[in-house]
Amino acid sequence: LRQSINDLLAKVECPPYEAKILDGFVDFRDLLLNSTLAIAAGASGTEPYGDLLYILMDLVDEYLVDPNPDDGLPLINEILIQTVTIAQSNESGTLIFPGDLFNTANNSTFENTSATTFEFR
């Protein structure tokens, strides 16, 4: 069986790769939208970058951005935001940070001058 496959593969000749020469700019309409939508948005619609990214964008839209039929909020809220915040604070939509989140101090060394520094942790 292996020899038969090797014999078949030896007869197959791959066509040479022809790289498309692009003008140096990425048209995100062609990159992220299917041909029909890209043309409607003013792009060429010729899929110069292939179709993988717009297929991924369709999946992102369908599973993360589209509204939840129950509450109208984006699906990412239920899938990611609620899950992360409940795991961190036991409350949906809330993140709890112990200690100071912002801290200010007046540490100016010049007379008659006021300067305040902010520390974000």
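**Close-up views of a predicted chain**

**Figure 1. E47 sits in the loop that links α3 to α4 (52-65).** The model shown here and in the views that follow is predicted. Phi of E47 is positive, about 55°, although E47 is not a glycine. With a relative accessible area of 25%, E47 is partly exposed, because the partly exposed class runs from 20% to 50%.

**Figure 2. The chain as a whole, as context for the close-ups.** Five helices and two strands make up the secondary structure. Read from the N terminus, the order of the elements is α-α-α-α-α-β-β. Of the 121 residues, 8% count as buried. Among contacts with a separation of 6 or more, 7% are between residues 24 or more positions apart. The exposed area of the chain is about 10,300 Å², and carbon and sulfur atoms supply 61% of it.

**Figure 3. Confidence along the chain, from helix α3 to strand β2.** The average pLDDT of the chain is 83, and 81% of the residues score at least 70. Helix α3 (residues 35-40) has the highest mean pLDDT of the elements, 94. At the other end of the scale, strand β2 (residues 116-120) has the lowest mean, 59. Where pLDDT is low, predicted coordinates should not be read in detail.

**Figure 4. D27 and R29 form a salt bridge.** The count for the model comes to one salt bridge. In the D27-R29 pair, the N to O distance is 2.8 Å. Side chains of opposite charge can pair when their charged atoms come close. D27, at 22% relative accessibility, counts as partly exposed. R29 is also in the partly exposed class, with a relative accessibility of 33%.

**Figure 5. I39 in helix α3 and its surroundings.** Which residues does I39 contact, leaving aside its neighbours within four places in sequence? The contacts of I39 are with S44 and G45. R29, the arginine of the salt bridge, is 10 residues from I39 along the chain, and the C-alpha atoms of I39 and R29 are separated by 8.4 Å.

**Figure 6. T85 in helix α5 faces residues that follow it in the sequence.** T85 is buried, at 6% relative accessibility, because buried means under 20%. The side chain of T85 reaches the backbone oxygen of I81 at 2.9 Å. A polar atom of the T85 side chain also lies 2.8 Å from the backbone nitrogen of G93. Apart from neighbours within four places in sequence, T85 is in contact with N90, E91, S92, G93, T94 and L95.

**Figure 7. S89 lies in helix α5 (residues 75-89).** Is S89 buried or exposed? At 12% relative accessibility, S89 counts as buried, since the limit for that class is 20%. The S89 side chain reaches two backbone oxygens: that of T94 at 2.4 Å and that of E91 at 3.1 Å. Not counting residues up to four places away in sequence, S89 touches T94, L95 and I96. T94 and L95 are also among the contacts of T85.

**Figure 8. N90 is located in the loop between α5 and β1.** N90 is a residue other than glycine with a positive phi, near 65°. The relative accessible area of N90 is 70%, so N90 is exposed, the limit for this class being over 50%. N90 is one of the residues in contact with T85. S89, the residue at the end of the range given for α5, is by contrast buried at 12%.

**Figure 9. A nonpolar patch on the surface includes residues of α5.** The patch is formed by I79, L80, I81, V84, L95, F97, L101 and F102. Together these residues have about 740 Å² of accessible area. Helix α5 supplies the largest share of the patch, four residues. F97 is placed in the loop between α5 and β1 (102-106). Two members of the patch also appear in the view of T85: the backbone oxygen of I81 is reached by the T85 side chain, and L95 is in contact with T85. L95 is touched by S89 as well.

Terms used:
Residues numbered from 1 in each chain as written. Predicted model: local features only at pLDDT ≥ 70, side-chain atom pairs only at ≥ 80, totals over all residues. Heavy atoms only, no water. Buried < 20%, exposed > 50% of the residue type's maximum accessible area, 1.4 Å probe, protein only. Polar contact = N/O pair within 3.5 Å; in protein donor to acceptor, adjacent residues only side chain to side chain. Contact = heavy atoms within 4.5 Å. pLDDT = per-residue confidence, 0-100. Areas by Shrake-Rupley, 256 points an atom, 1.4 Å probe, with all protein chains shown as cover. Salt bridge = Lys/Arg side-chain N within 4 Å of Asp/Glu carboxyl O. Patch = residues over 30% accessible without salt bridge, like charges linked within 9 Å, V, L, I, M, F, W, Y side chains within 5 Å.
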